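Here are my notes on the model, set out as numbered points so that each can be checked against the coordinates.

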Amino acid sequence: MLISLCRAIHKGIPLQMDKILKNLFQHSVISQWRNLVQNVCKSAEYLKGNLSSCYDEFKMESELQMDNENVLHFFTWSHLIINVLTASLDEFKPDDEEEDEEEADNSIWTVLDSRIDWICDILYDFELARCFWENFKTVQFAFKLKEYNDKDSSKCSEMVKILSDHDKNDLRKTLRCKSYSNSWIWCKTIYNFHVNLSSEEPTKVYDDLVKDATINDKLLVLHATQVFAEHLNFDYVAHTFDDVSRMIVLRSLSRSQEIDVQIAEVMSKLEIFRTDNLSRFNCESFKIDWQSYQIILEAARLFNELVKHHFDSLSRRYIDLIVISLAEWLPRLVQFCKTEKVQPMIIAVTNLHQSIIEKINDLKTNNTKIVFTKEWDDLFAEGIQNDSVKLWLALAGSFKDLEKSIELTNLPLMYCFASMANSFDYQLIFKKSEEKPPRWSRVLKESRSLLTSSLTTLQLAAYKALMSLIPGLVEIDSIAVDTNTPNKHGLIFEQFKEICLSMQDIINTMLIGLKLGEDSCHVQPFTDSYNYTLAYLLIWDVLLTLCEKATTELKYQYADWLRQEDILKNLFNNLFRMMPTEILHYSESKKLFHLDWFSARACLDVKDVCTSTKLEHMVCWVYFLTLSQLPALVRQWWSGTETRIAQIVERITSAYVSPLLCNQELADISRHEKKFKNMTIRVMPTVREIVAIYTVDEAQMELVITLPTNYPLAGPEVHCNRQIGGTSHKQWLMQFKKCVLHQNGRIWDGLSLWNNNLDKKFDGVEECYICFSVLHPGTYQLPKLSCQTCKKKFHSACLYKWFSTSNKSSCPICRNLF
């Protein structure tokens, strides 16, 4: 309709067209929307350090409320404008008609008197859209914005292509003028126009832009340098007006080679500034003037880039300055983290911490700079880690309080918060201290709480923190199990029980109308259902990863807990109601869709777009992980389902999971086959067969294990082809089968048990007189408890079960009081 209106105006009153379109498209509310979006984008660029604000204090200024709807309105309106202005003035034109050169410039914008201003605004709005997409991919309308960007990109390219040389020169001058007046996103607009759309040489464009700059244009020079940095080196940068601009330029060009002189010059001045302003540099208070704060902020950002790109060439003096500054800044950030002014410093220091951790790990791997890494471990690691955890906890509490009123400008800090767990060292977090409750317990509590947040970013932040704690949590449970001293709150699984059951009830209700094995629930993002489903799957991923990292004995305890709580049946039923339709309705004649979803975790990037596809990927991964870690419990559920459902489960498992698990089992055995003194192993992948031969002197016992095509729904077939005289091979076969079929053990666990039992048998170790095994099939412990009367030995677990079931405390053999 608008396009038809433009055509009618052009036919009737062409001289008034520009004025009418301005009244139509440039309403005051549009300017307010643009101002809002511009400030949001500038804020994100400033917080992340892409564009600096080192001279004037950055403040959000908008007449409108920070509302997602207003942002979407603006981008929709901008998209509408570009579609209208690039439409043809010809009313009827077949789609397949080829345009000649004369017709190519017959678009509506070409007849406007102020077309250069129109194009300038279109290019700027397009750059705002692209900038917003790069910084806020997790907002609800991100997909729509990406769709607009893709369509508008080609239209902008066509507009620039048909510009006359005269108009193109006028556009260059206008963009240059705008950049000098406003800088910020206008510098990015200039880059897009000259480099991306016009394919001009970036260094020449940069030189033309800044060559006439004066001291009054220093912000323009800095922003231009930051935008064009990937194409520049120090030969192109002639303008550095002050110390803070030198830091920013050095940071922007830190990927350049042979800049040791520039690094030494800037670092020396920072040392002097720190010496003269120690309390300010250490951020003892953030009530300091803006330019001093910017020097400290830019120092943190510069340190991060130097650690990443020039660590090996830094002198020990400068490395010490960087590490000591980090150690001083972190506790101050904990103290002032709720102050809005501090947000960019939190992001900069977090990035610096993560870069240092990555560099330390590289140095330890390569066994270089040993003195420095030892000094880091002895003097800095624990204190910096403690402060980092305190900052994480403070931000977690802050975001939890603000959850219902989070604004767009809070997202960059939230993304940073989610990344903090990347630098968590579980050994330091779980190190004994006087703190009550311990640090790990507080992180665990906050993470559990954030898992059910209405914001996906906070849910993933909690998940990442929990995954970083898993080795320490497993260690705590292992010690409790090994020493028979239960923790106050039981196994770690107990601490997830309430949240797991709560999410399970919600998911059960959500999926109640779906027919198992036939209907598939496609959960839409940015809904309560999406957040609940994500929380449910994340919880199970954490629990199953605990099983994966657990010792054999602890895994036995975890599986027993799950069996007693009887929550796995609901998990399996729900997984098969949420599995993608292409997988659910797979048949042998069809192509295997999404096979990779069963072999690797979904990439859960906190800065990425939320999609239904990610949830479906997680569903497949959780099912694979459950089969991998708890095959006996899955087998138990499968064998109890109705025939129709059992067939669907078997079909999907045989096609998607069984080949992966069979290969995993065979590869695991191949890696360990030379670890035994008396046993040799042959693996035959093509027939999924393992042959284990145990040799004593010249006698041999041979065990043949064959994995079925639907493994692990069906257990392995086990045969003893040869046996050693005087031994009961049936007993060893039963133990092997019990381990693999009923105790979630892998084939390798069963072979280890079989081998170790035989070793102990021939070494003369006495069997337990309850289970008649040398090694307990669940705990893998030797019989240690003996009767004072008959001297027979028993496993502690067997004896405990005997006392519990018989309600007596007498010896099973001689019946005397034990």
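1. In this predicted model, helices H24 and H26 are oblique to each other, because their axes cross at roughly 125°, and an angle counts as oblique when it falls outside the parallel, antiparallel and perpendicular ranges, the antiparallel one beginning over 145 degrees and the perpendicular one running from 65 to 115. The axes of H24 (residues 528-549) and H26 (residues 568-578) come within 12 Å, and the crossing of the two helices is left-handed.

2. On the H24 side of this pairing, Thr533, Tyr536, Leu537 and Trp540 meet a set of H26 residues made up of Leu568, Asn570, Leu571, Asn574, Leu575 and Met578. Sorted by class, the residues of the contact between H24 and H26 comprise seven nonpolar and three polar, with no charged residue among them.

3. A second helix pair worth inspecting is H21 (residues 439-451) with H22 (residues 456-482), which pack at an angle of about 140° with their axes 9 Å apart. That angle makes H21 oblique to H22, and the crossing of H21 and H22 is left-handed. From H21, the contact draws on Trp440, Val443, Leu444, Ser447, Leu450 and Leu451, while the H22 residues taking part include Leu458, Gln459, Ala462, Tyr463 and Ile476. The contact of H21 with H22 has 13 nonpolar and two polar residues, and no charged ones.

4. The largest nonpolar core holds 270 residues, of which Phe75, Phe132, Met345, Trp540 and Leu751 touch the most other members. Trp540 has already appeared above as one of the H24 residues that meet H26. For Leu751, once neighbours within four places in sequence are left aside, the contacts are Ile669, Met679, Ile681, Ile690, Ala692, Leu703, Ile705 and Phe736. Apart from the largest core lies another, of six residues, including Cys787, Cys798, Leu799 and Cys811.

5. Helix H9 (residues 185-197) deserves a look as a mostly covered element, since twelve of its 13 residues are buried. Among them are Ile185, Trp186, Lys188, His194 and Leu197. The buried residues of H9 pack against helices H3 (28-48), H6 (115-135), H7 (142-161), H8 (165-182), H10 (202-210) and H11 (218-228). Just after H9, Ser199 takes a positive phi of about 55°, and the backbone there may be examined alongside the helix.

6. Two individual residues can be set side by side. Ser355, found in helix H17 (residues 343-366), counts as buried because its relative accessibility is 8%, and the cut-off for that class is under 20%. Leaving aside neighbours within four places in sequence, Ser355 is in contact with Asn304, Val307 and Lys308. Lys151, which lies in helix H7, counts as partly exposed at 42% relative accessibility. The C-alpha atoms of Lys151 and Ile82 are separated by 9.9 Å, although these residues are 69 apart along the chain.

7. For the chain as a whole, there are 33 helices and six strands, and the C-alpha atoms fill a box of roughly 110 × 70 × 50 Å along the principal axes. Buried residues make up 53% of the 818 residues. Of the contacts in the chain with a separation of 6 or more, 69% are accounted for by residues 24 or more positions apart.

Key: Residues numbered from 1 in each chain as written. Predicted model: local features only at pLDDT ≥ 70, side-chain atom pairs only at ≥ 80, totals over all residues. Heavy atoms only, no water. Buried < 20%, exposed > 50% of the residue type's maximum accessible area, 1.4 Å probe, protein only. Helix = DSSP H or I, 4+ residues; strand = E, 2+ residues; numbered from the N terminus. Contact = heavy atoms within 4.5 Å. Core = buried A, V, L, I, M, F, W, Y, C linked by side-chain atoms within 4.5 Å. Axes fitted to C-alpha atoms, helices over the stretch in contact; angles between N-to-C directions. Left-handed = near helix turned anticlockwise from the far one by under 90°. Nonpolar A, V, L, I, M, F, W, Y, C, P; charged D, E, K, R; others polar. Parallel < 35°, antiparallel > 145°, perpendicular 65-115°, else oblique.
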